[in-house]
Structures are given as structure tokens and as C-alpha cells.
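Visitor: I have a structure open and would like some help in reading it. Could we go through it together?
Guide: Certainly; please bring it up.

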Amino acid sequence: QNSLQKTSTSSTNPSGIFVSPYALNLSSFTKLIRRLQERHPEFSRDKIVEAVQEVRKINKGVLSGLAISTIEEKTSAIL
């Protein structure tokens, strides 16, 4: 039963926070943050994540539909 739970998809992540099926793909998000950290080593990861969240807010609450390079550019402008 445990192995079944691990492989099934869920609407909550391990910390119990709801994750929208329309949210930015986690690996894409990780890649984006990594690229921004390389580009802006003077900023903490938290500051970079805040800037990405600001881009999302400006873009009507979504990042989907934007190219990663576009998100990167808009985030860099905020930083």
C-alpha cells in the first residue's frame, strides 16, 4: 500500500500545500532558479524566488505560457 501511495499523483505536496496541476513544472522551476542564481550570485535563493513570484503576480497570477527565457528576463529586471 505504501508503494502505491508513493507512485500515485496527489493534489498536495509532502508538506500538505495544495499544488495546482497548472503550476510551473517543478523541474522547470528548479532549472529557472538555478539559472537565475548563476546569473545573479549576489542575490539569495529566497530573493530570487520572491522576484519570480512578483513576475507571476504581474502576469495575472500565472507563469504558464511564458517561455523560461522570458521569465528569466522579467525576473532579472525586478532584481
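Guide: We shall discuss the overall make-up, then the helix pairs, then some individual residues.

Visitor: What kind of model is this?
Guide: This is a predicted model.

Visitor: How many helices and strands are there in the protein chain?
Guide: The protein chain has four helices and zero strands. Starting at the N terminus, the order of elements is α-α-α-α.

Visitor: And what share of the residues counts as buried?
Guide: The chain has 79 residues, and 20% of them count as buried.

Visitor: What about contacts between residues far apart along the chain?
Guide: Take the contacts in the protein chain with a separation of 6 or more: 44% of them involve residues 24 or more positions apart.

Visitor: Let us turn to the core. Which residues form the largest nonpolar core?
Guide: That core has 10 residues, namely F29, L32, I33, L36, I48, V49, V52, V55, L63 and I71. Two elements, α2 (26–39) and α3 (45–58), each give two or more residues to this core.

Visitor: Is there a general tendency behind such a grouping?
Guide: In soluble globular proteins, nonpolar side chains tend to be buried together.

Visitor: Pick one core residue for me. What does I33 touch?
Guide: With residues up to four places away in sequence left out, I33 touches R45, I48, V49 and V52.

Visitor: Now the helix pairs. How does one describe two packed helices?
Guide: One gives the angle between their axes and the distance between the axes.

Visitor: At what angle do α2 and α3 cross, then?
Guide: The axes of α2 and α3 cross at roughly 120° and come within 10 Å. Perpendicular pairs lie at 65 to 115 degrees, and the value for this pair therefore makes α2 oblique to α3.

Visitor: Which residues make that contact?
Guide: On the α2 side they are F29, L32, I33, L36 and Q37, and on the α3 side R45, I48, V49 and V52.

Visitor: Is that crossing left-handed or right-handed?
Guide: The crossing of α2 and α3 is right-handed.

Visitor: How do α3 and α4 compare with that description?
Guide: Their axes come within 9 Å and cross at roughly 110°, so α3 and α4 are roughly perpendicular to each other. The crossing of α3 and α4 is right-handed.

Visitor: Which residues of α3 and α4 meet there?
Guide: From α3 there are I48, A51, V52, E54, V55 and I58, and they meet K74, T75 and I78 of α4.

Visitor: T75 caught my eye. Is T75 buried or exposed?
Guide: T75, a residue of helix α4, is buried because its relative accessible area is 0%. Apart from residues up to four places away in sequence, T75 touches L36, I48, A51, V52 and V55.

Visitor: V55 is on that list. Why does V55 count as buried?
Guide: The cut-off for buried is under 20% relative accessible area. V55 is at 3% relative accessibility and so counts as buried. This residue belongs to helix α3.

Visitor: What does V55 touch in turn?
Guide: V55 touches L63, K74, T75 and I78, again not counting residues up to four places away in sequence. As for S76, V55 and S76 are 21 residues apart in sequence, and their C-alpha atoms are 9.9 Å apart in space.

Visitor: What about I58, buried or exposed?
Guide: I58 is placed in helix α3 and counts as exposed because its relative accessibility is 60%. The C-alpha atoms of I58 and K74 are separated by 9.9 Å, with their positions 16 residues apart along the chain.

Visitor: And E54?
Guide: E54 also has its place in helix α3. Its relative accessible area is 31%, so E54 is partly exposed. From E54 to K74, 20 residues apart along the chain, the C-alpha separation is 9.4 Å.

Visitor: One last residue: where is E72 found?
Guide: E72 is found in helix α4, which covers residues 68–78. E72 counts as buried because its relative accessibility is 8%.

Visitor: Which residue shares a polar contact with the side chain of E72?
Guide: The side chain of R39 does, through a polar contact of 3.2 Å. Setting aside neighbours within four places in sequence, E72 is in contact with L32, R35, L36 and R39.

Methods
Residues are numbered from 1 along each chain as its sequence is written. This is a predicted model: local features need pLDDT of at least 70, side-chain atom pairs count only at pLDDT 80 or more; totals for chains, interfaces and linings use all residues. Side-chain values use heavy atoms; hydrogens and water are left out. A nonpolar core is a set of buried Ala, Val, Leu, Ile, Met, Phe, Trp, Tyr and Cys residues joined through side-chain atoms within 4.5 Å. Buried means under 20% relative accessible area, exposed over 50%, partly exposed in between (1.4 Å probe, protein chains only). Contact means heavy atoms within 4.5 Å. A polar contact is a pair of N or O atoms within 3.5 Å; within protein, one must be able to donate a hydrogen and the other to accept it, and residues adjacent in sequence count only if both atoms are side-chain atoms. Axes are lines fitted to C-alpha atoms, for helices over the stretch in contact, and angles run from 0 to 180 degrees between N-to-C directions. Angles under 35 degrees count as roughly parallel, over 145 as roughly antiparallel, 65 to 115 as roughly perpendicular and the rest as oblique. A crossing is left-handed if the near helix is turned anticlockwise from the far one by less than a right angle, and right-handed if clockwise.
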